[in-house]
Amino acid sequence: MIRDRQALDAILDTVRRFVREQLVPREAEVAETDEIPAEITAEMRRLGLYGMTIPEEYGGLGMTAEEEMLVAFELGQTSPAFRSLIGTNNGIGSQGILIDGTEEQRRTWLPRLAGGEVVGSFALTEPDAGSDAAALTTTAVRDGTGYVLNGTKRYITNAPQAHLFTVMARTDPEVAGAGGISAFLVPADTPGVSIGPRERKMGQQGSHVADVVFHDAAVPAANMIGGPEMEGRGFATAMKVLDRGRLHIAAVSVGVAERLIRESVAHAVARRQFGARIADHQLIQAMLADSRAEAYAARTMVLDAARLRDDGERVTWQASAAKYFATEMVGRVADRAVQIHGGAGYIADYPVERFYRDVRLFRLYEGTSQIQQLIIAREMLREHEA
Ligand SMILES: Cc1cc2nc3c(=O)[nH]c(=O)nc-3n(C[C@H](O)[C@H](O)[C@H](O)COP(=O)(O)OP(=O)(O)OC[C@H]3O[C@@H](n4cnc5c(N)ncnc54)[C@H](O)[C@@H]3O)c2cc1C
């Protein structure tokens, strides 16, 4: 759903110019230094990009899913690390509070998340609980008026910068699996919370992940997302958060694919072999055509799922299908982009080499491709049995 076409077009135009004029020229520098310059972070705050999905009453832009996806298509046109900086505040780092938080939790945190003064992070994965997240073992033990957390969370995006963690922890050790898990808001400066060293990654330099360790970290009972009646329902909160996040990752994958296709066409037109532009060789054309057809299919899936969601429908399988297809698609498109560039595609001077590594992550986090397949099939069987 698009609330106001003109207002949205103005935002899309601003984001497009920001990407083209300020982000694309600094991609190589960010990849080299593993840091996003402070002036870019400041500009993202000024543009309201930290709060795209947060409702206007809490200081955000209040975008519908369709509007958010259209912006994500634009942000995808540059290094995914830039998107990752604002990704957690718009997605996994804020949506738990928005969807299941108490009004007081919303008023306390959402305006600061929307403005980017607070960076939110989402801590579900553990060393021994990844795809099987419901097997997590971090504990939150009731102690007087609050809870004491102990455990280790792994590969947490934006952990080194974060001020606030949404943490899934087991409040009931007697209940195995999802039922014993609750969600907590844990400020990063809570005594007993420590952040591990930044992981060295395959790609997306400039975006940081690290362990978050809880050692007797005490939080008030009021920090349980949704209050005491939500005890044991934190896993359901996490799954709702991931539903929207998956569509966003699919949209970013479409954006990156479109950028890679542009890079591929430009190279194919500029490069000559056998006395002709390589773009005139039909086997190159086939690769370009396959990439465009697949990117178009993914774009259409993302928009369809976003519109259904805006209409109030449950889009669990559609979000998984879009994430599964779009992230696998951008992997194929990146591979073809390297192929079209020939040896140059393997050389770090060309953006396609970097994007080839960057996009690999999309098939892994917020549920691997295999987990998306399982969700789609589970929903199919559920429909059949209903
Ligand atoms: C850069 C990065 C950022 C991340 N950010 C965050 C974050 O902010 N917050 C957070 O909580 N987590 C985050 N993660 C963790 C991420 O979500 C997990 O890595 C991911 O869910 C996979 O879990 P795993 O790594 O333990 O792999 P595993 O679960 O060990 O999976 C290994 C392989 O087994 C397959 N597999 C597992 N179970 C099945 C099954 N039942 N059927 C078929 N195949 C299966 C998987 O698909 C995969 O191919 C991040 C990870 C990375 C790398």
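This briefing describes the surroundings of the ligand and the packing of two helices. The structure is a predicted model. The ligand has 17 residues around it, and the protein buries 63% of the 980 Å² that the ligand exposes when taken alone. Elsewhere in the description, helix α4 packs with helix α9 at an angle of about 155°.

**Residues around the ligand**

- Among the 17 residues around the ligand, those that come nearest are T125, S131, T157, T368 and Q370.
- By class, the shell around the ligand holds ten nonpolar residues, six polar residues and one charged residue.
- Strand β3 (146-157) and helix α12 (369-385) each supply at least two residues of this shell.
- The largest share, three residues, comes from β3.

**Polar atoms close to the ligand**

- In T125, an N or O atom of the side chain is 2.7 Å from a nitrogen atom of the ligand.
- In T157, a polar side-chain atom lies 2.7 Å from a nitrogen atom of the ligand.
- L124 takes part through its backbone, with an N or O atom 2.9 Å from an oxygen atom of the ligand.
- Of the 980 Å² exposed by the ligand taken alone, 63% is buried by the protein.

**Packing of α4 with α9**

- Two packed helices are described by the angle between their axes and the distance between the axes.
- For α4 (residues 65-75) and α9 (residues 282-310), the angle is about 155° and the axes are 8 Å apart.
- Because angles over 145 degrees count as roughly antiparallel, α4 and α9 are roughly antiparallel to each other.
- On the α4 side, the contact is formed by A65, E66, M69, L70 and F73.
- On the α9 side, these residues meet R299, V302, L303, A306, R307, R309 and D310.
- The residues of this contact divide into seven nonpolar and five charged, with no polar residues.

Terms used:
Residues are numbered from 1 along each chain as its sequence is written. This is a predicted model: local features need pLDDT of at least 70, side-chain atom pairs count only at pLDDT 80 or more; totals for chains, interfaces and linings use all residues. Side-chain values use heavy atoms; hydrogens and water are left out. A residue is near a molecule or strand if one of its heavy atoms lies within 4 Å of it. A polar contact is a pair of N or O atoms within 3.5 Å; within protein, one must be able to donate a hydrogen and the other to accept it, and residues adjacent in sequence count only if both atoms are side-chain atoms. Accessible areas come from the Shrake-Rupley method with a 1.4 Å probe; for residues, only the protein chains shown count as cover. Helices (H or I, at least four residues) and strands (E, at least two) are DSSP runs, numbered from the N terminus. Ala, Val, Leu, Ile, Met, Phe, Trp, Tyr, Cys and Pro count as nonpolar, Asp, Glu, Lys and Arg as charged, and the others, Gly among them, as polar. Axes are lines fitted to C-alpha atoms, for helices over the stretch in contact, and angles run from 0 to 180 degrees between N-to-C directions. Angles under 35 degrees count as roughly parallel, over 145 as roughly antiparallel, 65 to 115 as roughly perpendicular and the rest as oblique. Contact means heavy atoms within 4.5 Å.
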